[in-house]
Amino acid sequence: MSSATFTQTRSHALSLEKQADSLLSRYSAFQNLSNTNSSDEENELSDSISENLEKRENVINTLNRISETDTNLSTSKLQQLQRHKEILSEHKRSYAKIKGVINEERNRNNLLFSVRSDINAHRERSSNNSNNRDLNANDYILDERVRADNANSFAERLLQQAYNTRDELYSQRAYLNNAQLRMMGAVLLIPGINVLISRINTRRKRDTLILATVIAVCILILFFF
């Protein structure tokens, strides 16, 4: 009875060992992945391996109890029990090693990711600062250009006003010159005008005298006749 129980329990142990080999093989694939966080599949495999190892410990404990109670158990079965213990220890070491490599690789990736993030953040800040400096420089250049344009526009207005004033002065000077010429011409013509007026006055006086003489003669004629 004990021998049959041992064989049946050992069959369960063999099945669990085969399952563990498959789980560890799948779990080892995560050593080559550059993940910063564990995936759901990885967590499920890790839990399955832990559960498998725990079940095998229970199975081996059962085999130990059988071997202790059955003094007639063959040496080969005791050797098989010892082999199950060794395989369990090997699987535990493999699981711990794979898990350690995965965690170490993940920590390294997280560190690299953190360093890259810091570098990118520094570059972005530097780029923003450079862009801000460029923007400030561009704004300063644009402001200076606007000031220069305003100064040029003001200077052009002043020059235009100066040109207009100059043209006005030229016009005034020409007008004054014309007025001066007219005045000089009038002055030159004044003596002739005076002579003409004198002649007109003389002729008027003569006509008045003649008219007065005629009137006087007419009155005398009427008085005497």
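Does Val115 count as buried, partly exposed or exposed, and at what relative accessibility, was what I wanted to know at the start: which of these is it? I noted that Val115 counts as partly exposed because its relative accessibility is 39%, where buried means under 20% relative accessible area, exposed over 50% and partly exposed in between, with a 1.4 Å probe and protein chains only.

Basis of the entries. I am working from a predicted model, in which local features need pLDDT of at least 70 and side-chain atom pairs count only at pLDDT 80 or more, while totals for chains, interfaces and linings use all residues. Residues are numbered from 1 along each chain as its sequence is written, and side-chain values use heavy atoms, with hydrogens and water left out.

Overall layout. I found three helices and zero strands in the protein, in the order α-α-α along the sequence; helices (H or I, at least four residues) and strands (E, at least two) are DSSP runs, numbered from the N terminus. Of the 225 residues, 16% count as buried. Among contacts (heavy atoms within 4.5 Å) between residues at least 6 apart in sequence, 81% join residues at least 24 apart.

Core. I looked up the largest nonpolar core, a set of buried Ala, Val, Leu, Ile, Met, Phe, Trp, Tyr and Cys residues joined through side-chain atoms within 4.5 Å, and of its 20 residues Phe6, Tyr27, Ile49 and Tyr95 touch the most other members. Helix H1 (2-28), helix H2 (40-69) and H3 each supply at least two residues of this core, and the largest share, seven residues, comes from H2. For Tyr27, leaving aside neighbours within four places in sequence, I listed contacts that include Glu42, Ile49, Tyr95 and Ile102.

Surface. I returned to Val115, which lies in helix H3 (residues 75-224) and forms, with Leu111 and Ile119, a nonpolar surface patch of about 250 Å². Areas come from the Shrake-Rupley method with a 1.4 Å probe, and for residues only the protein chains shown count as cover; patch residues have over 30% relative accessible area and no salt bridge (a side-chain nitrogen of Lys or Arg within 4 Å of a carboxyl oxygen of Asp or Glu), with like charges joined within 9 Å and nonpolar side chains (Val, Leu, Ile, Met, Phe, Trp, Tyr) within 5 Å.

Asn61. I placed Asn61 in helix H2, and its C-alpha is 9.8 Å from that of Leu81, 20 residues apart in sequence.
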